[in-house]
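Reader: Please take me closely through one topic in this structure: any cavities, and what lines them. I am in my first year, so go step by step.

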Amino acid sequence: MKVLVPVKRVVDANVKVRVKPDNSGVDLNNVKMAVNPFCEIAIEEAVRLKEAGSASEVIAVSVGAGNCQEQLRTCLALGADRAILVETDVDPQPLGIAKALAALQEKEGAELVIFGKQSIDGDNAQTGQMFAALTGMSQATFASEVKVGDGKLEVTREIDGGLQTLSIKLPAVVTTDLRLNEPRYASLPNIMKAKKKPLDVISPADLGVDLTPTVEVLSVEPPAEREAGIIVETVEELVDKLKNEAKVIS
Amino acid sequence: MASFEYGMDYADIRDQVARICAEYPGSYWQELDDKAEYPHAFVDALTQSGYLAALIPEEYGGAGLPIRAASVILETIHANGCSAAACHAQMYTMGTVLRHGSAEQKQKYLPAIASGALRLQAFGVTEPTTGSDTTQLKTRAVKQGDQYVVNGQKIWTSRAHQSDLMLLLARTTPVDQVTKRTQGLSTFLVDLREVRGNGCEIRSIPTMINHNTTEVFFDDMAIPADSLVGEEGNGFRNILSGMNAERVLIASEALGDGRYFLDKGVAYANERVVFGNPIGSNQGIAFPLAQAYAQLEAAELMIRKAAALYDAGEDCGEAANIAKYLASEAAWKAADETFQTYGGFAFAKEYQIERKWREVRLWRTAPISNNMVLNFVCQNVLGLPRSY
């Protein structure tokens with residue numbers, strides 16, 4: 001079973017992001033970048049499937065600028081067999097990415113495509129679902145457990161208030177939730193091996209897709225500054241303030 | 001002249017090493033410090049992930065990377081609040097075997113050192129009566145048939161209890177029978193598993209930091225003649241290039257420590273509010289942190305220069321010594337100013353400041369005292385008369 005794992009280059013989760021002065025976006029100058037944590041969980045799941053003998057090949061793919069190669073190399077060090085970068089100078093949006101991936105899937109014919117459920121920068125949580133719609137593949141989102149059966153997958157999903165278990169036919173799309181697995185770190189020998197693994201760079205034109213954004217970002221605002229707290233003297237005063245000032249209880 | 005690039009070199013290695021470190025928080029190190037125990041779990045994680053084998057050539061199972069990569073690994077470990085002191089020697093002590101050992105010795109030991117099956121992280125050089133005056137060391141190895149018999153004593157032999165092998169420097173020709181006092185010394189690879197309790201006794205030395213250091217006694221310790229590494233009488237030369245590597249790497253650890261402290265100090269100066277303002281708004285707090293930062297930046301440049309020279313195969317003695325000096329002083333500055341910034345809380349163990357502060361003091365003293373570095377610069381760089 002061939003497994004395709006789309007991954008996104010994002011600002012490292014530990015970085016405190018700053019909004020550009022003109023509110024056009026987030027300042028990425030000299031900011032540490034990383035593989036989106038949910039995508040890393042997707043890579044880990046694919047590599048585990050390969051280690052368990054269920055998957056034959058793991059392909060990491062990214063759609064974005066040339067420096068996404070750094071994150072693809074990380075995926076290769078974590079156990080992916082090869083990588084593909086669909087290189088573009090435009091800042092791609094979920095629909096464009098899903099179209100590019102759908103065109104790539106036509107060539108690759110992966111039986112399983114594992115996405116992170118969302119990226120920690122845009123928080124869109126759309127690409128996996130759009131890809132499933134474009135390709136007509138079955139999908140199970142927000143997976144916390146994946147079991148491979150004969151021609152199908154059993155996927156446990158995290159839903160409000162509990163768990164739901166689905167059986168879906170292959171080929172299928174899965175998006176990963178936080179608790180699916182705990183990604184490993186790469187060993188030094190694997191970092192060295194990753195430098196020799198194939199990483200193909202293609203263009204959106206090679207796939208016959210147009211990545212021109214369809215949604216325009218008007219403004220990006222930082223969260224409001226938290227105001228200083230106050231110390232209350234009594235429980236009664238606390239209850240009063242929660243009721244009448246914060247209005248969080250009635 | 002060797003050149004080097006600036007910027008985040010080996011970003012992939014930095015990322016993954018930082019991830020390992022995240023699993024060993026301050027509380028892990030604090031507990032070990034309280035119990036004076038060796039960080040087995042951390043060392044196992046670094047061993048299994050191959051980072052300690054960075055410098056061993058690929059043909060022997062290592063990664064075959066330049067010293068700059070090892071420098072980045074150690075800096076990252078320390079910048080993330082962990083300590084590589086417990087295992088850094090496993091990275092570079094093998095260098096003497098690699099450069100001067102026989103083909104058989106390399107084949108026998110290096111793959112096992114690379115995999116971590118064998119630990120070679122003890123280096124018996126310093127003696128209680130001779131200190132930095134290495135060529136006057138008293139430990140004698142006398143050849144008798146197909147073995148050497150060793151008598152003497154070493155001190156500050158770190159991690160001898162956690163080593164399978166020890167690199168030993170001993171005198172094979174008495175000092176009054178050689179023309180230069182650097183001659184007549186020889187290096188041996190001693191299998192501690194064979195000799196412990198059998199001519200070799202290792203005693204722990206309790207110290208102000210959890211550093212697992214020992215003193216080692218040799219009483220008619222017999223070792224096979226093929227324990228000799230390189231030619232007999234050339235031991236001092238054999239260990240010199242290894243000492244430059246060690247200085248570059250220790251400087252990298254000190255730099256990492258300095259970065260750790262500065263991060264903590266700046267964060268605390270920003271969040272701690274006294275008299276209605278963050279204490280970092282007072283220049284009495286802020287300037288020392290800025291000075292420490294400037295010193296760390298300078299030290300980093302010198303470390304990169306020394307590593308570039310070493311990796312280019314050029315003489316790096318001056319740069320390696322100066323890198324060690326600048327980094328250890330800058331790290332101490334960052335540690336002490338952060339200690340001051342933390343006020344009384346610096347003394348509370350749970351903040352990790354007092355423990356790291358004790359640890360970082362070491363780099364001004366070991367592996368060589370900073371005064372000896374200055375002596376080196378005076379005589380060998382500036383051409384001043386020898387003072388001792």
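Author: A term is needed before the cavities. A helix here is a DSSP run of H or I with at least four residues, and helices are numbered from the N terminus. The model is predicted.

A search of the whole structure turns up 2 cavities of 30 Å³ or more. The second largest has a volume of about 70 Å³, and its lining can be named in full. Tyr92(B), Thr93(B), Thr96(B), Phe123(B), Leu167(B), Gly242(B), Met243(B) and Glu246(B) line this cavity. Helix α9 of chain B, residues 235–271, supplies the largest share of that lining, with 3 residues. By type, the lining of the second largest cavity splits into 4 nonpolar, 3 polar and 1 charged.

To place this cavity, the domains of chain B are needed. Chain B is divided into domain 1 (11–115), domain 2 (120–233) and domain 3 (237–381). Domain 1 and domain 3 of chain B both give residues to the lining of the second largest cavity, so this cavity lies between them.

Domain 1 of chain B also has a contact with domain 2 of chain B, to which domain 1 gives 20 residues and domain 2 gives 16 residues. The C-alpha centres of these two domains, domain 1 and domain 2 of chain B, lie 23 Å apart.

Now the other cavity. The largest cavity has a volume of about 200 Å³. Its lining is made of 21 residues. Of these, Ser83(B), Ala85(B), Asn210(B), His211(B) and Glu359(B) lie nearest the centre of the cavity. Two elements of chain B, α2 (26–35) and α12 (353–361), are those that give two or more residues to the lining of the largest cavity. Helix α12(B) gives the most, with 4 residues.

The residue types in the lining of the largest cavity can be listed in the same way. They divide into 9 nonpolar, 5 polar and 7 charged.

To put the two side by side: the largest cavity, at about 200 Å³, takes the most lining residues from α12(B). The second largest, at about 70 Å³, takes the largest share of its lining from α9 of chain B. In the lining of the largest cavity 7 residues are charged, whereas in that of the second largest 1 is charged.

Note on methods: Residues are numbered from 1 along each chain as its sequence is written. Chains are lettered from A and ligands numbered from 1 in the order in which they are written. This is a predicted model: local features need pLDDT of at least 70, side-chain atom pairs count only at pLDDT 80 or more; totals for chains, interfaces and linings use all residues. Side-chain values use heavy atoms; hydrogens and water are left out. On a 1 Å grid over the protein atoms alone, a cavity is a set of points where a 1.4 Å probe fits but cannot get out, and a pocket is an open set with protein on both sides within 12 Å along at least five of seven lines; lining residues have an atom within 4 Å of a point. Grid points are joined across faces, edges and corners, and a volume is the space filled by probe spheres set on the points. Ala, Val, Leu, Ile, Met, Phe, Trp, Tyr, Cys and Pro count as nonpolar, Asp, Glu, Lys and Arg as charged, and the others, Gly among them, as polar. Domain bounds come from an automatic or database domain assignment. Contact means heavy atoms within 4.5 Å.
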